[in-house]
Amino acid sequence: MRSSVSAILSDPAPDSTMAFPDYQQSCTDHARLLILIRRIGHQISDETFTKISDTINQVRDVPIRDKTGLNRTIRVRYTPLYHVENNDWGEFQAHRRLVGVISVGSCASQVELNELCRLHESAKNKYSSTIFDSRCVVLCEGSENGLGDEGVDTDSGDQHSTGSVNGDKIEDFKGGDEERVDKPPSWFQPQNHKTRLLQFHGSKYAAGLRADIQEFIASLFWVLESKRVDWSREGGDKSILLCAPFERKDFVGLDMESRNNRKRILGRQKKHLGDLSLLAGLPAESWNYYQAGMDILRPANDWLWLAGCQEGVCAVSMLLQESQEKGTSLGSVGLSQEEIIEKYRDCVNHYAKYKNAGI
C-alpha cells in the first residue's frame, strides 16, 4: 500500500479536464500512433513545408512482419499541433499519447544545421516522457532551393504509402533515376549530431523521404511491441493503479490491497493492454483484453474505465468494418452498427458521471 501511495504522490497532477479536444479524430484513430510534424527554423518557406508535410502524410499504413512472422498493419496519424497537457491522458487512452516527433527545416550552412538540431532536440525534450523516437527532416539548400513540384508524386492522389517493413529492411516503391536523391554538399556533416537526421538536397526525393518515414514508423512499432510484450508477460506492476489525470488525488491514502481496488488495478491494466494491442496491429487481442476489462471493472463500479473499454470495443468494431469494406479481413467480427450505437450511448452515460470527463 505504502509503495502505491508513494507512486501516486510522486507525480501529483492538478484537476485536469479534456481542455484540448481534437475534433478531427475519428473512432478508428484509437488504432493509430500519434506523431507531431513540427516546423523549425525560419529558412524554410510555407510552400516547401506544406509539400514536405504532404509527402510525409502519404505514409499512414505500414505493413510490418513481426518476429513470429505475422504480418501486421501499423497505422499512424499526424498532427501539426499538440498540447503537452494531453499526454497526461495517455494512461487512460494510449492513442492520445504522443509517441513520435518529426521536425522539418532547411539550412544553407553548417551553422544553420547546428541550430536546427538544437531546435529539434528542444522540441523532442518537451515530450520526452512519452515519445519513442524522432526524426529531423533537413532540406539542404544549395544550387537548388526548396522542394520543387517534382518532389511530390503528382500521380499519388490520396493514396497512402504501401511499402512494407520486414525487420529493419524497407521494401518500398522507389522509382528509378528520376527519383534519385541528390548528394548533400560537403559541409553537411550529420554524423556530428546525435539528432537522427533525414537530409536531402535538391528536389527529387519524395520516394526517399517516404521510405525513411516508413523506417521511422517501424522503429516506433518495435518500441511499442516491446512495451506490449512486457505488459502481457507480467501483467504489468500489480501494485500500480493506472489513472486519468484528475483521479490521482482521489486515491491518495486509500488501501490499494482492498478487494475493490485490486479489481480496479487488474481491470485497468487489461484495458491498457487492449490499447497497446490495438496500436500494435492486433485488433483480435485488443478485443479480448477490452472484454476482460469490462468483466472486471463493471462489478468494481469503475465507470470511467469501463466506458474506456466500451469505447475500445467500438473502435475495434469500426476498424473491422472499414477493413471489410476495403475487401480485407482481419479475422474477427465486431459489433453490429446498432450495437456500436448502443455501446456509445452507455459510454456517454458513464463519462457524464465525471465532471472532468464530460463530453
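These legends accompany an overview and several close-up views of a predicted model.

**Figure 1. Overview of the protein chain, with its 8 helices and 8 strands.** Let's start with the whole chain before moving in on single residues. The protein chain has 359 residues, and 52% of them count as buried. Its accessible surface comes to about 17,100 Å², and carbon and sulfur atoms account for 49% of that area. If you look at contacts between residues at least 6 apart in sequence, 77% of them join residues at least 24 apart. Across the whole structure, a search finds 16 salt bridges; the views below show some of them.

**Figure 2. A salt bridge between Glu47 and Lys51 in helix H2.** Here you can follow helix H2, which covers residues 46–57 and holds both partners. Glu47 and Lys51 sit 4 residues apart, about one turn of the helix. Their closest N and O atoms are 3.1 Å apart. Which partner is buried, and which is exposed? Glu47 counts as exposed because its relative accessibility is 53%, over the 50% cut-off. Lys51 counts as buried because its relative accessibility is 16%, under the 20% cut-off.

**Figure 3. Lys124 and Glu121 meet in helix H3.** Helix H3 runs over residues 110–126, and the two side chains shown belong to residues 3 apart within this helix, about one turn. The salt bridge between Lys124 and Glu121 spans 3.0 Å from N to O. Glu121 is buried, with a relative accessible area of 11%. Lys124 is partly exposed, and its relative accessible area is 22%.

**Figure 4. Glu342 pairs with Arg345 in helix H8.** This view takes you to helix H8, residues 337–351. Glu342 and Arg345 lie 3 residues apart there, about one turn of the helix. The closest N and O atoms of this salt bridge are 2.6 Å apart. How accessible are the two partners? Glu342 counts as partly exposed, at 40% relative accessibility. Arg345 also counts as partly exposed, with a value of 44%.

**Figure 5. A network of salt bridges links Asp66, Arg72, Glu225, Arg228 and Glu285.** For the last view, we turn from pairs to a group. Salt bridges connect the side chains of Asp66, Glu225 and Glu285 with those of Arg72 and Arg228 in one network. To find your way around, try locating Arg72 and Arg228 and then looking for the acidic members of the network, Asp66, Glu225 and Glu285.

Note on methods. Residues are numbered from 1 along each chain as its sequence is written. This is a predicted model: local features need pLDDT of at least 70, side-chain atom pairs count only at pLDDT 80 or more; totals for chains, interfaces and linings use all residues. Side-chain values use heavy atoms; hydrogens and water are left out. Buried means under 20% relative accessible area, exposed over 50%, partly exposed in between (1.4 Å probe, protein chains only). Contact means heavy atoms within 4.5 Å. Accessible areas come from the Shrake-Rupley method with a 1.4 Å probe; for residues, only the protein chains shown count as cover. A salt bridge is a side-chain nitrogen of Lys or Arg within 4 Å of a carboxyl oxygen of Asp or Glu.
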